[in-house]
Amino acid sequence: MLRRPALILVFVWLTASTQIKQIRSHNEDYVIECYPSFDPPVMDGRRTTDREWIDNVDVKHVRMKQYGPWQGIGYLAVKYDTKFLYGFVDLVSDTDLYKDTLHVLFDPEHDGGQDRMPDDLQLMIFPQRFPIDGETALWQLFKGGKEISVENIKCAASVDSASDPYSKIPHLHYEFRIGRGLLGSKTTIGFSVIAIDGTDEKFIINWPPGFYTTKRADYWGDLVYMAEPIPEFSNRGIVLLGALCCTLLLFGRSRSKKQLLSRDRPTNLAIYEVVRH
C-alpha cells in the first residue's frame, strides 16, 4: 500500500525539478553570457586598469541582487579563453574584508539536482586582510561535497576601487581563474555566485537572484559560452595580422598596376619599326 504514495511523491518531485529548470533556462535573469577574451586579466583582486573588466563585447556585467530585506549592490562579470574561465565580483556594498566568503558554484554536466551531485564544484574564496606569502585570498575546492586538490586555480581579493566605475569608495572585489578542464566540455553549464559578509551572515548578495543554495543546482543559473576564441592570438597579434594583410593587398595592387602599364607601353623595338616604315 505504501508504493503508490511513494511513486506519487517521486513523480511530484521530478515534475517540480523539471519545471524549475525550464523556468530558469527561459529567464534572462538566470543566464549569463560568457564571451571569449584575448587578454587575460591580472589576478590581483581589483580592476588593474579601467578597461580590464569594462562592460563591452568581451564582458557582460550582471547586477547581483541581495537576498532578503537588506539593500546591497554587486556586479558579476565572466570571460574565458582556451585554458581558463575568469570571473570578477564587484561588491559595491561590502566595504571591509572581515570574515567574508565567496562561493562560486559550477554544474559542469548541467544536469541540475535537488541535492549535491558528484560533478558539482564549489569554489570557496576567503579574502585576507593581510596577504599571506603575497596571496590576497585563500581558497578551497570541493567536488561532490569532497575537498580536492588542484593547481590550475588562482584567486585574489582587494578593496582597491581606484578604477571602479561603480564606486570609488573602497569596497570588496573578488577575482578568480579556474581551469576549463575542470568544467567539462558543454557549452552551457550550471553556475551560481554567493557572497556572504562575515560581519552579518544575513547580508548576502547572490546571482542568480532570489533563493540561493550551495547544494541544489536546480536553483542555479546558466553560464553560456558564446563563441570559441582563437588560440595563441592577442589583440596586438590581431592588429599586426591585419596590418600585414593590408600591406600585402596594397603591394599586390601596385604590382598589378605596373604590369598593366608595361603592357600598354611600346618597346624601343616597336618604335624603331614604326619609324622605319
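Visitor: Welcome me in with a loop: where is the place of Pro-208?

Guide: Happy to! This is a predicted model, in which local features need pLDDT of at least 70, side-chain atom pairs count only at pLDDT 80 or more, and totals for chains, interfaces and linings use all residues. Residues are numbered from 1 along each chain as its sequence is written, while side-chain values use heavy atoms and leave out hydrogens and water. With strands taken as DSSP runs (E, at least two residues) numbered from the N terminus, Pro-208 is placed in the loop between strand E12 (204–207) and strand E13 (221–225).

Visitor: Which residue does a cis peptide bond join to Pro-208?

Guide: Omega of this bond is about 0 degrees. The partner of Pro-208 in the cis peptide bond is Trp-207.

Visitor: What is the average pLDDT of the chain?

Guide: pLDDT is the predictor's confidence in each residue, from 0 to 100, and 66% of the residues score at least 70. The chain average of pLDDT is 76.

Visitor: How many contacts does the stretch 265–277 have beyond near neighbours in sequence?

Guide: Where pLDDT is low, the predicted coordinates should not be read in detail. Over residues 230–240 the pLDDT is below 50, and that stretch has 10 contacts (heavy atoms within 4.5 Å) beyond near neighbours in sequence. Residues 265–277 also have a pLDDT below 50, and their count of such contacts is one.

Visitor: How many residues make up the largest nonpolar core?

Guide: A nonpolar core is a set of buried Ala, Val, Leu, Ile, Met, Phe, Trp, Tyr and Cys residues joined through side-chain atoms within 4.5 Å. Those with the most contacts inside the largest one include Leu-76, Val-104, Phe-106 and Phe-191. Val-104, for one, touches Leu-121, Ile-125, Phe-176 and Phe-191, among others. The number of residues in this largest core is 37.

Visitor: Is His-173 buried or exposed?

Guide: Buried means under 20% relative accessible area, exposed over 50%, and partly exposed in between (1.4 Å probe, protein chains only). His-173 lies in strand E10 (residues 172–179), a strand with seven of its eight residues buried. Because its relative accessibility is 0%, His-173 counts as buried.

Visitor: Which side chain makes a polar contact of 2.8 Å with the side chain of His-173?

Guide: A polar contact is a pair of N or O atoms within 3.5 Å; within protein, one must be able to donate a hydrogen and the other to accept it, and residues adjacent in sequence count only if both atoms are side-chain atoms. A polar atom of the His-173 side chain also lies 3.1 Å from the backbone oxygen of His-171. The 2.8 Å contact is made with Asp-164.

Visitor: How many bridges join strand E4 to E10?

Guide: Strands count as paired if DSSP finds at least two bridges between them. On one pairing, antiparallel strand E9 (residues 153–158) is joined to E10 by six bridges, with Ala-156 opposite Glu-175. Strand E4 (residues 84–91) also runs antiparallel to E10, with Gly-87 opposite Phe-176, and the number of bridges between E4 and E10 is eight.

Visitor: Which residue meets Arg-47 in a salt bridge of 2.9 Å?

Guide: A salt bridge here is a side-chain nitrogen of Lys or Arg within 4 Å of a carboxyl oxygen of Asp or Glu, and a search of the whole structure finds five. Arg-47 counts as buried because its relative accessibility is 5%. The partner in the 2.9 Å bridge lies in strand E4, so the pair ties together parts that are 43 residues apart in sequence. That partner is Asp-90.

Visitor: How far apart are the closest N and O atoms of Arg-47 and Asp-164?

Guide: Asp-164 counts as buried because its relative accessibility is 2%. The closest N and O atoms of this salt bridge are separated by 3.5 Å.

Visitor: Which residue is linked with Arg-46 and Asp-160 in a network of salt bridges?

Guide: Asp-160 and Arg-46 form a salt bridge with closest N and O atoms 3.5 Å apart. Asp-160 is in the loop between E9 and E10, and Arg-46 is in the loop between strand E1 (31–36) and strand E2 (62–66). The other residue linked with them is Asp-44.

Visitor: What is the phi of His-110?

Guide: His-110 is found in the loop between strand E5 (101–107) and strand E6 (121–132), and its 27% relative accessibility is why it counts as partly exposed. Its phi is positive, in a residue other than glycine, with a value near 55 degrees.

Note on methods:
Helix = DSSP H or I, 4+ residues; strand = E, 2+ residues; numbered from the N terminus. Lists of a residue's contacts leave out its neighbours within four places in sequence.
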